[in-house]
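Thank you for sending this model for comment. My notes follow as numbered points, moving from the overall form of one chain to its domains, then to the other chain and the contact between the two.

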Amino acid sequence: MSAPEGLLKRTPLNAIHRQMGAKMVGFGGWDMPVQYRGILEEHKAVRSAAGMFDVSHMGEVEFRGPAALEALQHLTSNDASRLSVGQVQYSALTTEAGTFVDDLTVYKFADDRYQVTVNAANVDKDVAWMRDHTQGNVEVRNLSDETALIALQGPRAMETLQQLTPLDLSGIRYYWFAQGTVRGQDAVVSRTGYTGEDGFEVYVKPQHAAALWNALLEVGTPLGLVPCGLGARDTLRLEAKMALYGNDIDDRHTVLEADLGWILKLEKGEFIGKLPLAKERAEGIRRKLIGFEMIGRGIARSHYTIVKGGQPIGEVTSGSPAPWLEKNIGLGYVAVEHAAIGTECDIMIRDNPVPARVVSTPFYKRKR
Amino acid sequence: MYPADLKYTKEHEWIKLEGEKGRVGITHHAQEALGDVVFVELPKVGRRLQQMETFGVVESVKAVSDLYSPASGEVVEVNSALEAKPEMVNNECYGAGWMILVKLVDPKELGKLMDAKGYEAYLASEGGH
């Protein structure tokens with residue numbers, strides 16, 4: 001670890017992680033569990049039963065006031081006006097160049113109240129950006145310090161959580177949320193996640209997080225629930241081809257280059273970065289985020305060079321083993337002429353070209 | 001956890017003297033720190049190594065770590081079973097998880113390495129990382 005422990009922030013569940021023997025790591029300024037029993041075991045548990053993640057380090061920001069929607073429309077690429085109360089959408093906080101300040105989810109609580117969930121490493125940056133680019137009758141409130149978040153993911157996630165709440169979880173559709181109580185405490189329960197499985201993300205006040213974690217463990221363990229760390233969180237999201245800010249998306253790549261055109265709604269009105277994105281849509285992108293799988297023996301990692309015919313054509317942004325698929329996979333930007341599915345290429349691994357192939361994504365898709 | 005008949009490097013490899021040869025692997029501490037081992041890259045038979053020269057790589061899910069040869073010599077055998085079952089490095093790091101067998105140039109080189117007690121003391125100090 002590079003930072004001394006004393007400087008890292010702790011979620012309300014920190015003591016529990018340590019007591020459970022988690023291997024801890026510094027991430028985005030936070031002291032977080034990277035694994036408990038092992039990344040492979042945790043990953044497979046999520047796909048076959050259920051896994052539970054402390055994601056309290058993530059940020060939550062509220063937009064409140066008559067101009068809340070207008071503010072969000074100006075700041076993001078997706079069309080927040082399409083949201084009904086209780087609905088969630090994935091979106092991008094865009095720069096003037098149409099690249100990413102962050103990716104985020106947007107929740108509509110009321111016509112004059114929205115909440116966004118942002119990446120842990122970007123909270124301060126995002127809040128400053130949002131405030132700087134917001135005007136009118138709306139208040140931007142950083143709720144991160146008063147919000148804890150536990151993600152419960154997997155085919156048995158619903159069965160686990162249902163035992164602790166009077167909310168009818170089966171009535172919450174994917175990318176919708178409900179407000180109610182879990183274990184008698186106020187909670188927002190959203191049917192969202194970062195794993196590619198069915199599941200829920202439960203927002204509670206920090207003082208209730210530990211009791212909730214322990215209760216979930218108690219009712220979930222007989223169903224196969226295991227606690228999971230950031231290691232499995234990363235391998236799961238990669239199999240599901242979900243982008244990670246800092247790896248696959250950043251302020252140097254546009255929403256379209258990142259293959260996220262589906263969260264770009266140019267017709268919704270003006271927003272930061274609209275002009276360059278409209279131009280790019282019309283003219284076409286020059287490089288594209290693609291998924292690949294290793295054909296030769298080797299694991300691709302971030303920043304490894306992608307070559308074809310001995311010439312560099314791009315760079316790996318994320319790469320690792322795929323524990324459920326039992327192959328090695330990755331994402332990377334390549335020149336668009338080499339982005340077609342089936343394109344053969346090589347990944348440079350320690351000065352050796354190892355064969356790989358561009359494949360369709362997501363690598364893993366759960367059965368519905 | 002740290003067999004008395006082995007010698008240890010600061011980079012957490014062990015070596016076992018077998019006549020004029022040395023069998024090499026990584027220690028319990030190393031495999032535990034790595035987490036699940038998913039890939040091991042070993043040298044070809046015939047490769048010549050200097051003491052503490054890198055001979056390959058061991059990869060966990062999240063990270064790539066260099067492997068250092070505890071002694072100088074020629075690689076005479078590699079554990080090809082690790083290709084299909086890299087997890088043996090975690091499960092049997094002193095047994096079936098061995099990595100290379102080296103014909104030693106000079107067995108006295110092992111004198112430069114730590115014995116089990118020395119390695120344990122090293123782990124207990126800042127050397128544990």
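**Notes on the predicted model**

1. Of the 368 residues that make up chain A in this predicted model, 48% count as buried. The contacts point the same way for anyone interested in how the chain is put together: among those in chain A with a separation of 6 or more, 66% are made by residues that lie 24 or more positions apart.

2. In secondary structure, chain A comprises eight helices and 19 strands. Its radius of gyration is 20 Å, close to the 21 Å that the globule rule gives for 368 residues, so chain A is as compact as a globular protein of that length. Along the principal axes, the C-alpha trace of chain A spans about 60 × 50 × 45 Å.

3. The domain assignment deserves a point of its own, since chain A is divided into domain 1, made of the segments 5-56 and 147-239, and domain 2, which covers 59-142. Taken over C-alpha atoms, the centres of these two domains of chain A are separated by 24 Å. Nine residues from domain 1 of chain A and nine residues from domain 2 of chain A take part in the contact between them. On the domain 1 side of that contact, the residues fall by class into five nonpolar and four polar, with no charged residues.

4. Turning to chain B, I would draw attention to an open sheet of six strands, whose order is β1-β2-β3-β9-β8-β5 and whose pairing is antiparallel. Its edge strands are β1 (7-8) and β5 (48-49) of chain B, each of which pairs on one side only.

5. Within that sheet of chain B, strand β8 (residues 73-78) and strand β9 (residues 100-104) pair in the antiparallel sense over five bridges. For a reader who wishes to locate this pairing by residue, E74(B) is a convenient place to look, as this residue stands opposite K103(B) in β9(B).

6. Finally, which parts of chain A supply the side that touches chain B? The contact itself involves 10 residues of chain A and eight residues of chain B. On the side of chain A, at least two residues each are supplied by α2 (39-48), α7 (230-239) and β16 (311-322). By class, this side of chain A has four nonpolar, five polar and one charged residues, whereas the domain 1 side of the contact with domain 2, within chain A, has no charged residues.

Conventions: Residues numbered from 1 in each chain as written. Chains lettered and ligands numbered in written order. Predicted model: local features only at pLDDT ≥ 70, side-chain atom pairs only at ≥ 80, totals over all residues. Contact = placed C-beta atoms within 7 Å. Helix = DSSP H or I, 4+ residues; strand = E, 2+ residues; numbered from the N terminus. Nonpolar A, V, L, I, M, F, W, Y, C, P; charged D, E, K, R; others polar. Pairing = 2+ DSSP bridges. Domains from an automatic or database assignment. Rg over C-alpha atoms; globule rule 2.2 N^0.38 Å. Buried ≥ 20, exposed ≤ 12 C-beta atoms within 10 Å, placed from the backbone.
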